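User: I want to check a few labels against their cut-offs. Can you take me through them?

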Amino acid sequence: MHLLLFVAIASIIGTILPQQESVAHYLQQFGPFWYQVFGNLDLYDVYRCGWYMGIVAFLVLSTTSCVARNTPHMLRDMFRHESGISTRAIAAKPLHYEATVSQPVGAVFDKAVDLLKDEGYVVRRLAAQDSSLLLSAKKGRYYRFGYIFTHVAIVLFCAGALYNANIPLKIAQWTGAVKPEQDFALPLSKVPKDRWLSPQQSSFRGIITIPVGQSVNAMFELVGDGFLVQQLPFIVRLDSFRVTHYRDGLAKDYVSKVTVLKPDGRVLMTHDVRVNHPLTVDGVNIYQSSYNADPSTLHLVSYSLLAPDASATLLRARVGQSLVTGAGAYTLKVDDLKLENVLPRSSVGLPARPGHGMVNMGPVARYTVLRHGQPPILVKTFLRPMPHGALDYKLVAYRSGHGQGFHFLALPMGPKEGVSLFVHYLGALENAARHGAVASSAVFQRTLAQVEQRQGVELSPIQNHSFLRASLVALQSLHTYPLPFLVLIHGLSLHWAAGLEMTKYPGMSIVYFACILLVVGIFVLFYVPRKRMWLALDDGSAGKTRIIAGGDASRDIEDFSEQFAEFLEKLAGGEQDRTEKRRRS
């Protein structure tokens, strides 16, 4: 029982805690300290760790021993009536009844047999040790199958889990015959061959991200702090990918159209893979796990805050690429591209709408700026402008290091070229200050008019007023901005990639059968209780018969007690010359 409890607790942990995720995911979610604690306990791969498999193996041995020891006795008990039972033994049963009726023994015996058979009992006459006439009746004798089925189901559950755990591979890891690769930045083509697993592995579970139009014949199986490359028995090509959204911007459904080919290039099938609708090929299940736009090309524009009048620099990059910017003093690495960024409307200053409390802010690019000897700066730049009042705003979020919250910049946009008007206005104000201008409303108005004329744009009076106010707020916010430049996303060449999870768990057929067996066993235990009755009939004086009855049941004792009393009431025929004694154990 304790072993089963430990397995249940470990299974709950394995269900709540995501299994076989990347190290970066766990570090981001739990932090370095708890990542180390959970890692030392092997909680990131619970179902295949040593201590879990040890408990499961011991549970298999102990439960199998229990079933093997008790099943023969239970089978004999189901199909064989007791022999040699005495009157004293009947009187010791949980329910006991004694009476004397003015009917001959044979008539009482026949009446008892008829009553019991009408109630569905199997009746047998037993050999008596004295002159008594003995009768045994059973109902629900197959209830012992409930015990057998439930315990065999536990054994099959555990056996299926051990089969899926690929124990030979675990032994190879423990002995050092197989060593996981630690360099996650290593391309698949550069991974050493001793880190590759044969497609004939008994079981595996891994993930692979495939850009549209590309093919793979292997995937990554995360093992501890590293990974192994599991070669597939076929080739998977991603032909297309599509995603649909709800009105608030959340993903509703995403579907990958894949073609499965044999190693020699022959097409096996073309099929859609969607969430909760996997594709099964040669015992391998292909699941739609995730998607991203990492292969997309980001169109970035860089503005210098030290020389705002200088022309903006156009940049292009993909997720994972690094760029040199800030006159070569800074390295900018594109970390992530998120196509949907659903936020509460109130968090971005937008009025709530009935039934629509969220707003999709559109694609967001996240990058890290590094400079030797300084902490990293994390920046998020939003592609879609945020409308507010008479103007649109470009949002930029930044923070220094990983332990702080994000600060936001709302940069007002002009009629064209994004925030170019604002950046040139910033440069014009700095130039005016260098020539002795004092900050005043007149200087702000005059400088803006000059910038509008040079940029060839014209703001309406309402836009002019809003732009001035928004620019002053943005200028105030820029005092805490830690970088001498702004890199904003202004375009995107979208290309999809689908994350597919592939599993080969042959033990699942055993587990499914165990589920059916467990349900049947529990049903039998609850709804097929065993009920037994014994009758001893003795000849009394003047043609009377003395009845000694006993009974017991595996469950629902109260109900059986009432049924027992009702049966004996019918057997006695309502006669008054009887004494009754009941005893419940």
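Analyst: D335 and R366 form a salt bridge, with their closest N and O atoms 3.8 Å apart. The two sit 31 residues apart, D335 in strand β15 (residues 330-338) and R366 in strand β18 (residues 364-370). This is a predicted model: local features need pLDDT of at least 70, side-chain atom pairs count only at pLDDT 80 or more, and totals for chains, interfaces and linings use all residues. Residues are numbered from 1 along each chain as its sequence is written, and side-chain values use heavy atoms, with hydrogens and water left out.

User: What makes D335 and R366 a salt bridge?

Analyst: The rule asks for a side-chain nitrogen of Lys or Arg within 4 Å of a carboxyl oxygen of Asp or Glu. The closest N and O atoms of D335 and R366 are 3.8 Å apart, so the pair counts.

User: Why is D253 called buried or exposed?

Analyst: Buried means under 20% relative accessible area, exposed over 50%, partly exposed in between (1.4 Å probe, protein chains only). D253 has 18%, so D253 counts as buried. R274 has 29%, so R274 counts as partly exposed. The side chains of R274 and D253 meet in a salt bridge at 2.5 Å, N to O.

User: How do you know how far helix α10 should reach?

Analyst: Helices are DSSP runs (H or I, at least four residues), strands likewise (E, at least two), numbered from the N terminus. The expected span is 1.5 Å times one less than the number of residues. Helix α10 (residues 461-477) has 17 residues, for which 24 Å is expected. From first C-alpha to last, α10 reaches 25 Å, close to that value.
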